[in-house]
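This report describes the fold of one protein chain, from its overall make-up down to single residues. Please keep the sequence and the structure in view while reading.

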Amino acid sequence: MTATLELKSLVREIPDFPKKGIGFKDITPLLKDPKAFGAMVDAFVSRWQGRGITRVAVIESRGFLLGSAIAHRLEAGLIPIRKKGKLPWKTHQASYELEYGTDSIEVHQDAAGEGDSVLVVDDVIATGGTAQAACALVETLGAKVAGTAFLIELAFLKGREKLPGRDVQALIVY
Ligand code: AMP
């Protein structure tokens, strides 16, 4: 088995969670397996090492679980991108569309700036709206988006189309 197939076997699909029709990708079996977790972090790090990444932007909440380990290994700073109202200081905000309505994410205004090269990390890219908004936020700060990295891509939802021209890494594709 390749490393990617082994990782895929540790993702558990939960039907109809959190609501009917959603096949939720539960990554907790992978997170609790130290070898698999290490292999996952290695796969991200080997792709981005040596690319001058200065910050890793992690998307609430499961992006935090992956991205902090990646940031540490890349010797980059960690910047949280959070749902509206969670960050305590001055923020920039970006909105994105949900199935019904819109939602917003925020970043601290001093999280990065000109001269920073930022890797945006989340567990899953589905429709791509969250990642698109996260990239826009990073650019609002004056920083450059070096690329985006996801453990899982739901390719049938065509999220990549919302990230045209961006370097997109996905370890597991459905
Ligand atoms: P999207 O903006 O549609 O690309 O959705 C991405 C965000 O929603 C990520 O932060 C994921 O954690 C979460 N997400 C979307 N679909 C799923 C899914 N099927 N399983 C787990 N998380 C998901």
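Two strands pair if DSSP finds at least two bridges between them. By that rule, β3 and β4 are a pair: five bridges link them, and the pairing is parallel. The model discussed here is predicted.

**The chain as a whole**

The chain contains five helices and nine strands. In sequence order these elements give the pattern α-β-β-α-α-β-α-β-β-β-β-α-β-β. Along the principal axes, the C-alpha atoms fill a box of roughly 40 × 40 × 30 Å. A compact globule of 174 residues would have a radius of gyration near 16 Å, and the chain's value of 15 Å agrees with this.

Of the 174 residues, 44% count as buried. The chain exposes about 9,000 Å², and carbon and sulfur atoms supply 52% of that area. Consider also the contacts between residues at least 6 apart in sequence: 57% of them join residues at least 24 apart.

**The sheet**

Seven strands form an open sheet with mixed pairing, in the order β5-β6-β4-β3-β7-β8-β9. Its edge strands are β5 (91-97) and β9 (168-173), each of which pairs on one side only. On average, neighbouring strands of this sheet are turned by 20° against each other, with direction ignored.

Which helix packs on the sheet? Helix α4 (residues 62-74) does, and it touches β3 (55-59), β4 (77-83), β7 and β8. The direction of α4 makes about 145° with that of β7.

Two of the pairings can be set out next to each other. Each row gives the strands, their sense and the bridges between them.

| Strands | Sense | Bridges |
|---|---|---|
| β3 and β4 | parallel | five bridges |
| β7 (residues 117-125) and β8 (residues 144-153) | parallel | eight bridges |

Single residues can be placed within these pairings. In the pairing of β3 with β4, V58 stands opposite P80 of β4. For V124, the bridge partner in β8 is I152. In a regular strand the side chains alternate between the two faces of the sheet. As for cover, four of the five residues of β3 are buried, so this strand is mostly covered.

**Two residues of β2**

Strand β2 covers residues 23-26, and D26 belongs to it. G23 is found in β2 as well.

Is D26 buried or exposed? Its relative accessible area is 11%, and buried means under 20%, so D26 counts as buried. The side chain of D26 makes a polar contact with the side chain of T28, at 2.9 Å. Leaving aside neighbours within four places in sequence, D26 is in contact with L10, V11, R12 and I14.

G23 has a relative accessible area of 29%. This value lies between the 20% limit for buried and the 50% limit for exposed, so G23 is partly exposed. Not counting residues up to four places away in sequence, G23 touches E13 and I14. What separation do the C-alpha atoms of G23 and R12 have? They are separated by 9.6 Å, and the two residues are eleven apart along the chain.

Methods:
Residues are numbered from 1 along each chain as its sequence is written. This is a predicted model: local features need pLDDT of at least 70, side-chain atom pairs count only at pLDDT 80 or more; totals for chains, interfaces and linings use all residues. Side-chain values use heavy atoms; hydrogens and water are left out. Helices (H or I, at least four residues) and strands (E, at least two) are DSSP runs, numbered from the N terminus. Axes are lines fitted to C-alpha atoms, for helices over the stretch in contact, and angles run from 0 to 180 degrees between N-to-C directions. Contact means heavy atoms within 4.5 Å. The radius of gyration is taken over C-alpha atoms; the globule rule is 2.2 Å times the number of residues to the power 0.38. Buried means under 20% relative accessible area, exposed over 50%, partly exposed in between (1.4 Å probe, protein chains only). Accessible areas come from the Shrake-Rupley method with a 1.4 Å probe; for residues, only the protein chains shown count as cover. A polar contact is a pair of N or O atoms within 3.5 Å; within protein, one must be able to donate a hydrogen and the other to accept it, and residues adjacent in sequence count only if both atoms are side-chain atoms.
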